[in-house]
Amino acid sequence: MNETETESAPDTQFELVEDPVKIQKLLERLQAAHTLVSVKLPAFPGMFSSMILEIHPDRGWVSIDELNPQEGHRKLMESGRLTLIAESEGVDIRFDGEVIETGSQAGIYFYRLRFPPTIKYFQRRSSYRVKVLRTSAIPVTLVAKDTAVAKGELYNISSGGMAIKFQNPLSPSFVRGDMVPECELALPEGGKLVCVLEIRHIMSSRSEGPFIVGTRFVNLNTTQQRQINRFIATVERELRRK
């Protein structure tokens, strides 16, 4: 997520949404898209990343994932308040949140925020596109239905899919439209993400390669989506340092 755009949001007009049903639908839209959200804490200049986990207006709360980097957890516990900022499909949604409960699952914190009584809904003049993160030397392994194996490197990644670079043409076991039952992506902090992919396209500017394979994540569970969002946040921070 672009911090400069998030902070200033130039050329925008916003609607103050007060209808609980519309607020719920806006939040559910972000949740369904597994949108990586930014979190701003009072009196702190940096931004943190998170994602919406659950929405329960009937119980009066919305839950979000542990802040990344992890120092955000301590700072949030000190302040108890935050501003959540999310960009999805051309809109910028913001609301101020109050932490009413903190818990953990599998060693990862989550926070229940009071269901927002109002949301600022910004409509951008130009369609927002999720930033494509580029890096190199991060291995990706695909295993086809017939157990054929293809090894490449991550080319770019978003919350909905990734592109993988291969130096040689893929075998006939990997074609556009196919489901890849096993993809293994090395994570920067150790460990790996194992998931299912759909091959959307295969591109090459030269006949001899390299070949770029665009894919879509399929049926991710909450743990896998959290791994991807944390991965994106880590790579994005590294890119901003360069």
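**Group meeting talk: loops, a central strand pair, a cavity and two cores**

Let me begin with alanine 106, which is found in the loop between strand S7, residues 91-105, and strand S8. Please keep in mind throughout that what we are looking at is a predicted model. The phi angle of alanine 106 is near 55°, which is a positive value in a residue other than glycine. Is this alanine buried or exposed? Alanine 106 counts as exposed, because its relative accessibility is 79% and the cut-off for that word is over 50%.

There is another residue of this kind further along the chain, namely asparagine 219, which has a positive phi of about 50° although it is not a glycine. You will find asparagine 219 in the loop between strand S16 and helix H4, and with a relative accessibility of 73% it, too, counts as exposed.

From the loops I would like to move to strand S5, which covers residues 61-65 and is mostly covered, since 5 of its 5 residues are buried. In a regular strand the side chains alternate between the two faces of the sheet. In S5, Trp61, Ser63 and Asp65 point one way, while Val62 and Ile64 point the other way, and all of them are buried.

Which strands pair with S5? One is strand S4, residues 52-56, which runs antiparallel to S5 and is joined to it by 4 bridges; within this pair, isoleucine 52 stands opposite isoleucine 64. The hairpin made by S4 and S5 has 4 residues between the strands, and in that hairpin glycine 60 takes a positive phi near 85°. The other is strand S8, residues 108-114, which pairs with S5 in the antiparallel sense over 5 bridges, and here valine 62 stands opposite leucine 113.

If we follow the chain onward from S5, we come to the loop that leads to helix H3, residues 71-79, and this loop is where proline 69 lies. Asparagine 68 and proline 69 are joined by a cis peptide bond, with omega at about 0°.

Asparagine 68 also brings us to the next topic, because Asn68 is among the residues that line the largest cavity, as are Asp65 and Glu66, together with others including Leu36, Met51 and Arg226. The count comes to 1 cavity of 30 Å³ or more, and about 50 Å³ of space lies in the largest cavity. Two elements give two or more residues to its lining, and these are strand S3, residues 47-50, and helix H4, residues 222-241. Helix H4 provides the largest share of that lining, with 4 residues. As for the character of the lining, its residues divide into 3 nonpolar, 4 polar and 4 charged.

My last topic is the nonpolar cores. How many residues are in the largest nonpolar core, and which of them touch the most other members? This core has 28 residues, and those that touch the most other members are Val140, Leu142, Ile157, Met162, Phe174, Leu197 and Phe217. Among the elements that give two or more residues to this core are strand S11 (139-143), strand S12 (149-157), strand S16 (211-218) and helix H4. There is also a second, separate core of 27 residues, which includes Leu26, Val37, Ile52 and Leu84. You have already met Ile52, as the residue that stands opposite isoleucine 64 in S5.

Note on methods:
Residues are numbered from 1 along each chain as its sequence is written. This is a predicted model: local features need pLDDT of at least 70, side-chain atom pairs count only at pLDDT 80 or more; totals for chains, interfaces and linings use all residues. Side-chain values use heavy atoms; hydrogens and water are left out. Buried means under 20% relative accessible area, exposed over 50%, partly exposed in between (1.4 Å probe, protein chains only). Two strands pair if DSSP finds at least two bridges between them. On a 1 Å grid over the protein atoms alone, a cavity is a set of points where a 1.4 Å probe fits but cannot get out, and a pocket is an open set with protein on both sides within 12 Å along at least five of seven lines; lining residues have an atom within 4 Å of a point. Grid points are joined across faces, edges and corners, and a volume is the space filled by probe spheres set on the points. Ala, Val, Leu, Ile, Met, Phe, Trp, Tyr, Cys and Pro count as nonpolar, Asp, Glu, Lys and Arg as charged, and the others, Gly among them, as polar. A nonpolar core is a set of buried Ala, Val, Leu, Ile, Met, Phe, Trp, Tyr and Cys residues joined through side-chain atoms within 4.5 Å.
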